[in-house]
Amino acid sequence: MKKALFVIIFILSIGTVFSQTEKGKGFFAGSTSLNYVNTKLEFGNEEQESDVFNLALEGGTFIADNFALAVSIGVTKQSQDDYDVSSYTLMPVLKWYLNLDGSNKLFLQGGLGYGNMDVDGEGNGGAAYMFGGGIAFFLSKSIDLEISVGSLHNEFGDKVKQNSLGVNLGLGIFF
């Protein structure tokens, strides 16, 4: 009986050893990624693929233990054969952490917001959504390293759709 009680207390305490993701705490994170992007331009039914540089900043607060509400701002730059493309997204994001052990956590995230794409000076804006997941390695009580896989979908007006799938590397500060 004592062993069982010890095991239960140990399991329940794992989440509190590094309590960065408890209700009321805040965080700020930045990430960069290497993405594969497929852009479909509806006028002319042209479809192009390219590699992209992406930078995203995210900040938020934990509204419940292991459950965060954040705002994400993403900037993307890509060069196609014939033109340069830049885009940005702004969206609220929900992020859920699942304890693995005392200092590592799995996470899932999703967001819905606004995106804008500029192709050689001509801009279009519209709906954007993202989802993904990964692992957060907490290097200390206030710093984590995140590795994740995610997808971002943008629709810019009626004519341009952009889908990206990428591997992300990020660094977060928790306070």
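Here are some numbered notes on this predicted model, written to be read with the structure open.

1. **Overall layout.** Let's start with the whole chain, which comprises one helix and eight strands. Reading from the N terminus, the order is α-β-β-β-β-β-β-β-β. Of the 175 residues, 39% are buried. Among contacts with a separation of 6 or more, 57% are between residues 24 or more positions apart. The chain exposes about 9,800 Å², and carbon and sulfur atoms supply 66% of that area.

2. **The E5–E6 hairpin.** Strand E5 (residues 104-119) and strand E6 (residues 122-138) run antiparallel and are joined by 16 bridges. If you would like a landmark along this pairing, try Tyr 114, whose bridge partner in E6 is Ala 127. Two residues sit between the strands of this hairpin, and Asp 120 has a positive phi there, near 45°.

3. **The E6–E7 hairpin.** E6 also pairs with strand E7 (residues 143-156), again in an antiparallel arrangement, through eleven bridges. Four residues lie between E6 and E7 in this hairpin. A handy place to look is Tyr 129, which stands opposite His 153 in E7.

4. **A second positive phi.** Asn 66 is worth a click, too. Most residues other than glycine have a negative phi. Asn 66, however, has a positive phi, near 65°. You will find Asn 66 in the loop between E2 and E3. Is this loop residue buried or exposed? Asn 66 has a relative accessible area of 16%, so it counts as buried.

5. **Salt bridges, starting with the one at Lys 25.** Side chains of opposite charge can pair when their charged atoms come close. How many salt bridges does the whole structure hold? The search finds three. In one of them, Lys 25 meets Glu 22 at 3.9 Å, N to O. Lys 25 is partly exposed, because its relative accessibility is 27%. Glu 22 is likewise partly exposed, at 31%.

6. **The salt bridges around Lys 95.** Lys 95 and Glu 58 form a salt bridge at 3.4 Å, N to O. Lys 95 belongs to strand E4 (residues 84-99) and Glu 58 to strand E2 (residues 46-64), so this pair ties together parts that are 37 residues apart in sequence. Lys 95 also meets Glu 146 in a salt bridge, at 3.0 Å, N to O. This pair links distant parts of the chain as well, with Glu 146 in strand E7 and Lys 95 in strand E4, 51 residues apart. Together, Glu 58, Lys 95 and Glu 146 make up a network of salt bridges.

7. **How covered that network is.** Are Lys 95 and Glu 58 buried or exposed? Both are buried. For Lys 95 the relative accessibility is 2%, which is why it counts as buried. Glu 146 counts as buried too, because its value is 10%.

8. **The nonpolar core.** The largest nonpolar core has ten residues, including Phe 27, Ala 29, Phe 62, Ala 68 and Ala 136. Which elements give two or more residues to this core? They are strand E1 (26-41), strand E3 (67-79) and E6.

9. **Aromatic rings in the core.** There are seven aromatic pairs in the count. The rings of Phe 138 and Phe 174 have centres 5.1 Å apart and planes at 55°, so this pair is tilted. Phe 138 lies in strand E6 and Phe 174 in strand E8 (residues 160-174), so to speak of distance along the chain, the two are 36 residues apart. Ring pairs link Phe 27, Phe 62, Tyr 97, Phe 107, Phe 138 and Phe 174 into a cluster, and these six residues also appear in the largest nonpolar core.

10. **Phe 174 and its surroundings.** Phe 174 is buried, because its relative accessibility is 6%. Its ring partner Phe 138 is buried as well, with a relative accessible area of 5%. Leaving aside residues up to four places away in sequence, what does Phe 174 touch? Its contacts include Phe 27, Phe 62, Tyr 97 and Phe 138, and also Gln 20, Thr 21, Lys 141 and Asp 144.

Technical notes: Residues numbered from 1 in each chain as written. Predicted model: local features only at pLDDT ≥ 70, side-chain atom pairs only at ≥ 80, totals over all residues. Heavy atoms only, no water. Pairing = 2+ DSSP bridges. Salt bridge = Lys/Arg side-chain N within 4 Å of Asp/Glu carboxyl O. Buried < 20%, exposed > 50% of the residue type's maximum accessible area, 1.4 Å probe, protein only. Core = buried A, V, L, I, M, F, W, Y, C linked by side-chain atoms within 4.5 Å. Contact = heavy atoms within 4.5 Å. Areas by Shrake-Rupley, 256 points an atom, 1.4 Å probe, with all protein chains shown as cover. Phe/Tyr/Trp six-rings, centres within 6.5 Å; stacked < 30°, edge-to-face > 60°.
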